[in-house]
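Open the model in your viewer and keep the sequence panel beside it. The stops below can be selected by residue number.

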Amino acid sequence: MKNVKLIPLLLTVVIFSSMIACSSAEKGEKTDEYPLFWTWLDYRPSVNFDSVCAVMKDLGIDGVMLNAPHPDDYRKTIPIARKYGIEVYAWLWTMNLEHGRDSIVKAHPDWLSVNRNGESLADHKAYVDYYKFLCPALPEVREYLKNKIKAFCEVEELGGIAIDYHRFVDVILPTTLWPRYGIVQDREYPEWDYGYHPAMIEKFKEQYGYDPREQDDPSMDDTWLQFRCDQITEVANEIADVVHSYGKKMAASPFPTPAMSRKMVRQDWKDWNLDIVFPMVYHNFYTREVRFVSDCTLENARTGNPATTLYCGLMVADSLFECMDAALNNDAQGIAIFTVNSLRTPKVRARFKAYTDSVRSSRKED
């Protein structure tokens, strides 16, 4: 008789649990648990990575977006990070070439992005020498990037891929950088306006029936702007398909908000199929106050993809702790700092450790 009475009880539990799960899904709540505090970090074989992980552990940083040139570097470093309870994502540049840059430019100069003046990055400089952005409209570029991502996804214990520089050249730089290059970007100037590769123009003409270069001011054409954003989005989502096919998480480090990034670098990241997003809300780049972090985080929470877990990327500066409060109090689920190496003094490290402990304690109570 006991078994007979248990059946309705078990059914009730199963049904009730299913209702809770469905309710959470409808509300867009996420069940994945990710590290709370992250850092971006360049891998240096000459540096003792074990000691770096020990520092991260002591500071309460439990996630690292690590940039290294070869998948084997992650096979060496992940076991060390895991020993300290630190999750590792491969931090990889996509549209802007990184490791092996010169050889790729030499082998495939036709892959490089072109500005409104018809100048290619294959033999032209935009701001800095390492700006070698690719044209997202080229099928061969997309295949190159997907094959690159696959090689890193084959590292079994890698938690995910965090893409960066997934955009065009900055048509508008953050204001604090204008004096460095002796420029004022009060509007979109042709020399900084990229996305005019012949393949891009041809693809646009096939879809819309006109050449954007024939207009008096192409920067005023929202269709042309959105088309370039869409090309970047398509590549991001093709990469996401690869990452997810390996059972790994897809992350990105875009500009502060979708609206800002769309205008400044043709990066409409709200439409990317991301598991995690780390918007780089560097308020000091835009000569703004801490309120900028609050405003951007609120906007991202309101307009971003509800299926994506929102973090906030911050520079280590005097106002770091106020900025972390501003982000976490306005729907950011965690923090990424650039970078752990910038927490130099014992006093700052002690304060950071106290902060991460306090946040974890508060989250646990909630």
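Select R266 to begin. Its relative accessibility is 2%, so R266 counts as buried, the cut-off being under 20%. R266 sits in the loop that runs between α9 (258-265) and β6 (276-277). Check its backbone: phi is near 60 degrees, a positive value in a residue that is not glycine. Most residues other than glycine have a negative phi.

Go next to Y127, in the loop between α4 (101-107) and α5. Here too phi is positive, about 70 degrees, and the residue is not a glycine. With a relative accessibility of 8%, Y127 counts as buried.

Before going further, colour the chain by pLDDT, since this is a predicted model. The chain average is 91, and 91% of the residues score at least 70. Then select residues 1-31, where pLDDT stays under 50. For this stretch the model has six contacts beyond four places in sequence.

Now show α5 (residues 139-153) together with α8, which covers residues 222-245. What is the angle at which the axes of α5 and α8 cross, and within what distance do they come? The axes cross at roughly 30 degrees and come within 9 Å. Angles under 35 degrees count as roughly parallel, so α5 is roughly parallel to α8. The crossing is right-handed. To see the contact, display R142, L145, K146, I149, K150 and C153 on α5. On the α8 side, display Q231, E234, V235, E238, I239, V242 and V243.

Keep α8 on screen and add the largest nonpolar core, which has 118 residues. Helix α8 gives the most to this core, with nine residues. Which residues have the most contacts inside the core? They are Y74, I161 and F352. In soluble globular proteins, nonpolar side chains tend to be buried together.

Centre on F352 and show its surroundings. Leaving aside residues up to four places away in sequence, F352 touches F37, L59, I61, L320, F321, M324, I337 and L343.

For the last stop, select F338 and T339. The peptide bond joining F338 and T339 is cis, with omega about 0 degrees. T339 is found in the loop between β9 (335-338) and α12 (346-365). Most peptide bonds are trans.

Key
Residues are numbered from 1 along each chain as its sequence is written. This is a predicted model: local features need pLDDT of at least 70, side-chain atom pairs count only at pLDDT 80 or more; totals for chains, interfaces and linings use all residues. Side-chain values use heavy atoms; hydrogens and water are left out. A nonpolar core is a set of buried Ala, Val, Leu, Ile, Met, Phe, Trp, Tyr and Cys residues joined through side-chain atoms within 4.5 Å. Buried means under 20% relative accessible area, exposed over 50%, partly exposed in between (1.4 Å probe, protein chains only). Helices (H or I, at least four residues) and strands (E, at least two) are DSSP runs, numbered from the N terminus. Contact means heavy atoms within 4.5 Å. pLDDT is the predictor's confidence in each residue, from 0 to 100. Axes are lines fitted to C-alpha atoms, for helices over the stretch in contact, and angles run from 0 to 180 degrees between N-to-C directions. Angles under 35 degrees count as roughly parallel, over 145 as roughly antiparallel, 65 to 115 as roughly perpendicular and the rest as oblique. A crossing is left-handed if the near helix is turned anticlockwise from the far one by less than a right angle, and right-handed if clockwise.
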